[in-house]
Amino acid sequence: MRWRRRRALVCRQAVALMSDYLDGRLAPRDRERLESHLAACPHCSEYLAQLRVTIDALGHAEPDSLSDDAMDELVALYRRWRDDA
Ligand SMILES: [Zn+2]
């Protein structure tokens, strides 16, 4: 594993990259930085897992797999960070 500590991501930046990361649209350098952050940050790892579930639920039209409240919270949180980035 390569560690480039030139500029560590903060959580907000990591979250802003997650959508593209899940879509496979992230540049290799950004993906590396995000993965480095995820390896060190259990909060973002958990958030990414939840985001994956949310996208999966939306993509497959199985809203029962996640409560409406949880879904709304995640989407709102994600949008807020994204807009701020
Ligand atoms: Zn983090």
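How many salt bridges does the structure hold? The structure holds three, and they come up in points 4 and 5 below.

A word on the basis of these notes: this is a predicted model, where local features need pLDDT of at least 70, side-chain atom pairs count only at pLDDT 80 or more, and totals for chains, interfaces and linings use all residues. Residues are numbered from 1 along each chain as its sequence is written, and side-chain values use heavy atoms, with hydrogens and water left out.

1. Let me start with the zinc ion. Its protein donors are C11 (SG), H37 (NE2), C41 (SG) and C44 (SG), at 2.0 to 2.3 Å from the metal. Donors here are N, O and S atoms within 2.8 Å of the metal (3.2 Å for Na, K and Ca); water is not among the atoms, so sites may look incomplete. Along the chain, the donors follow the spacing C-x25-H-x3-C-x2-C.

2. The geometry of this site is tetrahedral, with angles of 100 to 114° among the four donor atoms; for four donors, that label asks for all angles between 85 and 135 degrees. For reference, the ideal angle for four tetrahedral donors is 109.5 degrees. Two of the donor residues can be placed by accessibility: C41 is buried at 8% relative accessible area, and C44 is buried at 2%. Buried means under 20% relative accessible area, exposed over 50%, and partly exposed in between (1.4 Å probe, protein chains only).

3. Helix 1 deserves a look of its own. Helices are DSSP runs (H or I, at least four residues), numbered from the N terminus. Helix 1 covers residues 11-23, and its end C-alpha atoms lie 19 Å apart, which agrees with the 18 Å that its 13 residues should span at 1.5 Å a residue; the expected span is 1.5 Å times one less than the number of residues. Helix 1 also bends by about 35° at L17, the bend being the angle between axes fitted to the seven residues ending there and the seven starting there. Its buried residues are A14, V15, A16, L17, M18, S19, D20 and Y21. Just after helix 1, G24 has a positive phi of about 75°.

4. On to the charged pairs. A salt bridge is a side-chain nitrogen of Lys or Arg within 4 Å of a carboxyl oxygen of Asp or Glu. R25 pairs with D20 at 2.9 Å between the closest N and O atoms, and R25 also meets D23 at 2.8 Å, N to O. R25 is exposed at 55% relative accessibility, D23 is partly exposed at 46%, and D20 is buried at 16%.

5. The remaining pair is R33 with D30, whose closest N and O atoms are 3.3 Å apart. Both lie in helix 2 (residues 28-40), three residues apart, about one turn of the helix. R33 is partly exposed at 23%, while D30 is buried at 17%. Shared partners join D20, D23 and R25 into one network of salt bridges.

6. Finally, the largest nonpolar core has 15 residues, of which M18, L34, L38, C44 and Y47 touch the most other members. Helix 1, helix 2 and helix 3 (42-60) each supply at least two residues of this core, and helix 1 gives the most, with five. Such a core is a set of buried Ala, Val, Leu, Ile, Met, Phe, Trp, Tyr and Cys residues joined through side-chain atoms within 4.5 Å.

Conventions
Tetrahedral: all angles 85-135°; square planar, octahedral: opposite > 155°, others 65-115°.
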